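Student: I keep running into terms like "cavity" and "oblique", and I'd like to know how each one is earned. Let's have the model up first.

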Amino acid sequence: MNGESPEIVELMGSVAELVLADLDELVAAMDAAVIELIPFVAADAALTAEMSASNRANVARLLAIFARRDGKAAPIDIPPEALDLARTVARRGIDLDVIFQGYRRGQNVAWRRYMAHATHIASSGPLLLQLLEVSSQRMFEYVDHVVARVIAEAQREREEVLGGALARRTETVRLILDGAPIDSRWASERLGYELARRHTALVLWASPPGEV
């Protein structure tokens, strides 16, 4: 891994395998930490499931990279589950900062679990310090890369949803102004505004500048 010693690479792999052995427990702890930070997630079963799937996919992929032991830098592929969650957050109008906060909270949980296993495998002193420094750097590189990608995907999804909605509303208003024979219930649904209610209008006009 980018020039680390074979000993450090081996230790990283051993620690990663220990963490992976208790993956279900780790994911449950990550999920609980995210929900504690962002309680409204727990009220939405579908969102909770997607969040948990994203946590599992990300931590499993990161630990699998650590466990490779080939000393080569592995490409950081974004798990599909992480992209699915980002799109859902965008479509539901949730503040995208929730993504960043959730990743950092999950990362903290995973890192504490990793450190606990590392202290049982590596002897105290310089070797343990080097193991933790390299592992921390690799974990931050992974999370930073994934967060940047998923937030970009969420922003793209939000722009597409908002742009599509705006285009539909504009088209509907144009049809109404043109006197097109459109169903009022259909138009109300597209506009997000009930057209069947009583309306009050006020028309204002003024003479062009310079005219009395």
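Student: Which helices each supply at least two residues of the lining of the largest cavity?

Tutor: α3 (45-66), α4 (80-91) and α5 (97-121) do. They count as helices because each is a DSSP run (H or I, at least four residues), numbered from the N terminus. Mind that this is a predicted model, where local features need pLDDT of at least 70, side-chain atom pairs count only at pLDDT 80 or more, and totals for chains, interfaces and linings use all residues. Residue numbers start from 1 along each chain as its sequence is written, and side-chain values use heavy atoms, with hydrogens and water left out.

Student: What makes something a cavity, and what makes a residue part of its lining?

Tutor: A cavity is a set of points on a 1 Å grid over the protein atoms alone where a 1.4 Å probe fits but cannot get out, and a lining residue has an atom within 4 Å of a point. By this rule there are 3 cavities of 30 Å³ or more. For the largest one, 18 residues make up the lining, and M51, L85, V98, I99 and G102 lie nearest its centre.

Student: What is the volume of the largest cavity?

Tutor: About 190 Å³. A volume is the space filled by probe spheres set on the grid points, which are joined across faces, edges and corners.

Student: How does the lining of the largest cavity divide by class?

Tutor: It has 15 nonpolar, 3 polar and no charged residues. Nonpolar covers Ala, Val, Leu, Ile, Met, Phe, Trp, Tyr, Cys and Pro, charged covers Asp, Glu, Lys and Arg, and the others are polar; Gly is among these, so G102 goes in the polar class.

Student: And what about the second largest cavity?

Tutor: That one has a volume of about 140 Å³. Its lining is 13 residues, with M30, N58, Y103, Q107 and V143 closest to the centre. The elements giving two or more of them are α3, α5 and α6 (126-177), with α5 providing the largest share, 5 residues. By class, 8 are nonpolar, 5 polar and none charged.

Student: On to packing. At what angle do the axes of α1 and α5 cross?

Tutor: Roughly 125°, and the axes of α1 (residues 6-21) and α5 come within 9 Å. Axes are lines fitted to C-alpha atoms over the stretch in contact, and angles run from 0 to 180 degrees between N-to-C directions.

Student: Why is α1 called oblique to α5?

Tutor: Under 35 degrees would be roughly parallel, over 145 roughly antiparallel and 65 to 115 roughly perpendicular, with the rest oblique. The crossing, at roughly 125°, fits none of the named ranges, so α1 is oblique to α5.

Student: What is the handedness of the crossings?

Tutor: α1 crosses α5 right-handed, whereas α1 and α3 cross left-handed. Left-handed means the near helix is turned anticlockwise from the far one by less than a right angle, and right-handed means clockwise.

Student: How do you know which residues of α1 and α3 make the contact?

Tutor: Contact means heavy atoms within 4.5 Å. That picks out V9, M12, G13, A16, V19 and L20 of α1 with A60, L63, A64 and F66 of α3. This contact has 9 nonpolar, 1 polar and no charged residues.

How values were computed
On a 1 Å grid over the protein atoms alone, a cavity is a set of points where a 1.4 Å probe fits but cannot get out, and a pocket is an open set with protein on both sides within 12 Å along at least five of seven lines; lining residues have an atom within 4 Å of a point.
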